Amino acid sequence: MPLWDANCEIFDVLKECLERLEREDPFKVLYIFLIKILTISGFEPEFGHCLRCHGNLAGRVYFSVSRGGLLCARCTPGIADAKLIRNDVFSSIRYVQESDIGGSLRLKTSGECERGVFYILREFIMYHLEVDINAAAAHLFEKGLS
Ligand SMILES: [Zn+2]
């Protein structure tokens, strides 16, 4: 979004996440923040629907780094880097998108799932925004490195 463009929704997410950092797991706050910001910024369709056929994602869900988004099983032929993602990774991303920050923070996930969520977000942000969040996250969170 352009600098100086007021966006109350983004501001509220940023403010609440900064406040939550005082008492919650910072890694969890980071990925919830990223999912919320991406969703508000209009990247939601790539997370909610198959990139190719725009159908709802259910069952086996794949992530393509080269396409920068999620695919259903029917649409993976011909996409060499389509990688099956864990169901808990996909459902955690969807859960955070659909919940408020307090509800998202109550979501119980394994460390492996959290790293999977972070991997998807990192690749997605690198593809769409050409920014590597791992370098920044690595200074703060050991879990970001994998
Ligand atoms: Zn599809």
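These are my notebook entries on a predicted model of one protein chain.

**Entry 1: overall layout**

I began with the secondary structure and found six helices and three strands in the protein chain. Reading from the N terminus, I wrote the order of elements down as α-α-β-β-β-α-α-α-α. I then looked up the overall dimensions, and the C-alpha atoms of the protein chain fill a box of roughly 45 × 35 × 30 Å along the principal axes. For 146 residues a compact globule would have a radius of gyration near 15 Å, and because the protein chain has 15 Å, I noted that the value agrees with that expectation. As for burial, 27% of the 146 residues count as buried. Among contacts in the protein chain with a separation of 6 or more, 49% are between residues 24 or more positions apart.

**Entry 2: the sheet**

I turned next to the strands and asked in which order they lie in the sheet. The three strands form an open sheet in the order S2-S1-S3, with antiparallel pairing. S2 and S3 stand at the edges with a single partner strand each, so one side of each has no neighbour in the sheet. From one strand to the next the twist averages 45°.

I then went through the pairings one by one. S1 (residues 61-64) and S2 (residues 69-72) run antiparallel and are joined by four bridges, while S1 and S3 (residues 83-85) pair in the antiparallel sense over three bridges. Val61 is a residue I could follow in both directions, since its bridge partner in S2 is Cys72 and its bridge partner in S3 is Ile85. For Tyr62, the bridge partner in S2 is Leu71. In the hairpin of S1 and S2 there are four residues between the strands, and I noted that Gly68 takes a positive phi near 70° there.

I also asked whether the residues on the two faces of S1 are buried or exposed. Val61 and Phe63 on one side, and Tyr62 and Ser64 on the other, are all buried, which leaves both faces of S1 covered.

**Entry 3: the nonpolar core**

Which residues have the most contacts inside the largest nonpolar core? I found that this core has 29 residues, and that Tyr31, Ile35, Ile93 and Leu121 are the ones with the most contacts inside it. Helix H1 (8-20), helix H2 (26-48), S1, S2, helix H3 (87-98) and helix H5 (111-129) each supply at least two residues of this core. H2 gives the largest share, with nine residues.

I followed Tyr31 further, and, leaving aside neighbours within four places in sequence, Tyr31 is in contact with Glu114, Val117, Phe118 and Leu121. Those four residues also appear in my list of buried residues of H5, which reads in full Glu114, Gly116, Val117, Phe118, Ile120, Leu121, Arg122, Glu123 and Phe124. I remarked to myself that this list includes Glu114, Arg122 and Glu123 alongside Val117 and Leu121. As background, an α-helix has 3.6 residues a turn, so residues three or four places apart point the same way.

For the helix itself, I recorded that H5 has 19 residues and reaches 26 Å from its first C-alpha to its last, close to the 27 Å expected at 1.5 Å a residue.

**Entry 4: positions in the loops**

I looked up Leu51, whose place is in the loop between H2 and S1. Leu51 has 19 C-beta neighbours inside 10 Å and therefore counts as partly exposed, since 20 or more would be needed for a buried residue. Not counting residues up to four places away in sequence, Leu51 touches Glu46, Arg67, Gly69, Leu70 and Leu71. I also checked Leu51 against Leu84, which is 33 residues apart from it along the chain, and their C-alpha atoms are separated by 14 Å.

His54 lies in the loop between H2 and S1, and its phi is near 65°, a positive value in a residue other than glycine. His54 counts as exposed because it has 11 C-beta neighbours inside 10 Å.

Lastly I examined Glu130, which lies in the loop between H5 and helix H6 (133-140). Glu130 has a positive phi of about 55° although it is not a glycine, and its position is just after H5. With 7 other C-beta atoms within 10 Å, Glu130 is exposed.

Technical notes:
Residues are numbered from 1 along each chain as its sequence is written. This is a predicted model: local features need pLDDT of at least 70, side-chain atom pairs count only at pLDDT 80 or more; totals for chains, interfaces and linings use all residues. A residue is buried if 20 or more other C-beta atoms lie within 10 Å of its own, exposed if 12 or fewer, and partly exposed in between; C-beta atoms are placed from the backbone. Two strands pair if DSSP finds at least two bridges between them. The radius of gyration is taken over C-alpha atoms; the globule rule is 2.2 Å times the number of residues to the power 0.38. Two residues are in contact if their C-beta atoms, placed from the backbone, lie within 7 Å. A nonpolar core is a set of buried Ala, Val, Leu, Ile, Met, Phe, Trp, Tyr and Cys residues joined through C-beta atoms within 7 Å. Axes are lines fitted to C-alpha atoms, for helices over the stretch in contact, and angles run from 0 to 180 degrees between N-to-C directions. The expected span of a helix is 1.5 Å times one less than its number of residues.
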